[in-house]
Amino acid sequence: MKEIKFSKINISKEDINLVGKIIKSGWLTHGKFTKRFEDKFKKYTKSKYAVSVSSCTAGLHLSCLASGFKKGEEIIVPAQTHTATAHAVEYTGAKAVFADVNKMTGNISLKSIKKNYTKKTKGVIIVHMAGYPCDLQEIIKFCKTKKLVLLEDCAHAVGTKYKKKHVGNYGLTGSFSFYPTKQITTGEGGMVVTNDKKIFNKIKKLKAFGIDKDIKDRKKQGDYDVKFLGYNYRMTDFQAALGINQILNYKKNLEMRHALAKRYLSNLSKIKNIKCMPYSKDCSYFIFQVFCKNRDKILKQLKNLNIGVSVHYSNALPRMSYYKNKYNLNLINYKNSIEYGTENISLPVYPKLKIREVDKICKTITKLV
Ligand SMILES: Cc1ncc(COP(=O)(O)O)c(C=O)c1O
């Protein structure tokens, strides 16, 4: 069978030429292209500020630092997510506390946040799993009442809306990922959006060693001070250049994702032994998640048939040795997350994927289940 890839990047020849030009120019980092990409990105999400970073993980780490998380504090994160969400908390010395997720959406719920809340809780990081928006209204209300910092992990969520507003604008920050399988890519890379000027300034400094002045603001060479411990989490200019047209053209990309998701649903929603979420106009459709028993067997068969699929993610974080051993976690508390991890299959969604390829994937899966 002709191969169907799980993901295909969406970069034009012009953009590849632009990367060549930037490299030839010799100005490879903190130049005008990172600024341009930040401007276009914040225009897309309608956020006041955007800071480009070297990855979403870096963005989450800086968000945790700027929120003041530290040793002795607890931050609630979903049990079913990429390890980066929890690692970002742990880098600061604070403790990542896992909350079980909804079995179908994969999203954290207010009920499980409340269950894990203690006097030490200082914040919550939500993930819009597979691009489905979390139920933000009630989570925001709870965080306000308890004076908790809310951060959004938007790694799957370029194009995800909640009540007509782009996600990332509800928490203190929203961190996006531009890893190659994501909706837009810069190789590695990420973006932090915020509507808080103080947090913006802090993250901008934290991502570049804690240096207090941009090159353009220095009166003479080397004229800067360092008042706190910063990192080097910058995105290069040739990476940023790749992102500019992708975000400018994202509306079309998102429309195609929705058309493909609708096709998956019309093929699969009535098939016995397959479960999937109903259509949502607010979802980014980073991937199309289906759930079935015997998942691993089906994955193997799909691979043999040259159909590219993935899993997001196979092992809920409390099953990972690092967290399981460190916090002596009892897996009984993460039943939904573990079930989500063992039953999900991520089907491909990207603008170059053809409707007839979606039909072929659906026909094959229907036969296999
Ligand atoms: C939910 C989630 N958060 C964070 C990350 C980390 O993103 P990055 O690879 O850009 O650091 C990922 C990566 O896929 C992710 O899926």
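**Note on salt bridges and the domain interface**

1. Lysine 70 is partly exposed in this predicted model, because its relative accessible area of 47% falls between the limits of 20% and 50%. The partner of lysine 70 in a salt bridge is glutamate 73, and the closest N and O atoms of the pair are 2.9 Å apart. Glutamate 73 is buried, because its relative accessible area is 10%, and the term applies under 20%. The salt bridge thus joins a partly exposed lysine to a buried glutamate.

2. Another pair lies in helix H2, which spans residues 32-45. Here a salt bridge is formed between the side chains of aspartate 39 and lysine 42, with 3.4 Å from N to O. Why is the spacing in sequence of interest? Lysine 42 and aspartate 39 are three residues apart in the helix, so about one helical turn separates them. Both partners are partly exposed: lysine 42 has a relative accessible area of 26%, and aspartate 39 has one of 28%.

3. A third salt bridge connects aspartate 214 with lysine 216, at 3.6 Å from N to O. Aspartate 214 is partly exposed, with a relative accessible area of 33%. Lysine 216, in contrast, is exposed, because its value of 68% is over 50%. The two residues belong to a network of salt bridges that also includes Lys204 and Asp217. In the structure as a whole, 18 salt bridges are found. In general, side chains of opposite charge can pair when their charged atoms come close.

4. The domain assignment divides the protein into domain 1, residues 13-248, and domain 2, residues 250-368. To the contact between them, domain 1 contributes 39 residues and domain 2 contributes 38 residues. The centres of the two domains, taken over C-alpha atoms, are 25 Å apart.

5. How much area do domain 1 and domain 2 bury between them? The value is about 3,200 Å², and 59% of this area is on carbon and sulfur atoms. On the side of domain 1, the residues that lose the most area to domain 2 are Lys103, Met104 and Tyr132, which together account for 22% of what that side buries. The size of an interface is often given as the accessible area lost when the parts come together.

6. Polar and charged pairs also occur at this interface. Between domain 1 and domain 2 there are 25 residue pairs in polar contact and two salt bridges. Lysine 103 of domain 1, already named for the area it loses to domain 2, forms a salt bridge with glutamate 339 through their side chains, with 3.4 Å from N to O.

7. Which elements supply at least two residues each to the side of domain 1 that touches domain 2? They include helix H4 (83-91), strand S3 (95-99) and helix H8 (237-248). By class, this side of domain 1 consists of 18 nonpolar, 15 polar and six charged residues.

8. A final point concerns asparagine 116, which is in helix H5, residues 110-116. The side chain of asparagine 116 reaches the backbone oxygen of serine 112 at 2.8 Å. Leaving aside residues up to four places away in sequence, asparagine 116 touches Ile76, Val97, Phe98, Ala99 and Thr121.

Definitions and conventions: Residues numbered from 1 in each chain as written. Predicted model: local features only at pLDDT ≥ 70, side-chain atom pairs only at ≥ 80, totals over all residues. Heavy atoms only, no water. Domains from an automatic or database assignment. Contact = heavy atoms within 4.5 Å. Buried area = accessible area lost by both parts, 1.4 Å probe. Salt bridge = Lys/Arg side-chain N within 4 Å of Asp/Glu carboxyl O. Polar contact = N/O pair within 3.5 Å; in protein donor to acceptor, adjacent residues only side chain to side chain. Helix = DSSP H or I, 4+ residues; strand = E, 2+ residues; numbered from the N terminus. Nonpolar A, V, L, I, M, F, W, Y, C, P; charged D, E, K, R; others polar. Buried < 20%, exposed > 50% of the residue type's maximum accessible area, 1.4 Å probe, protein only.
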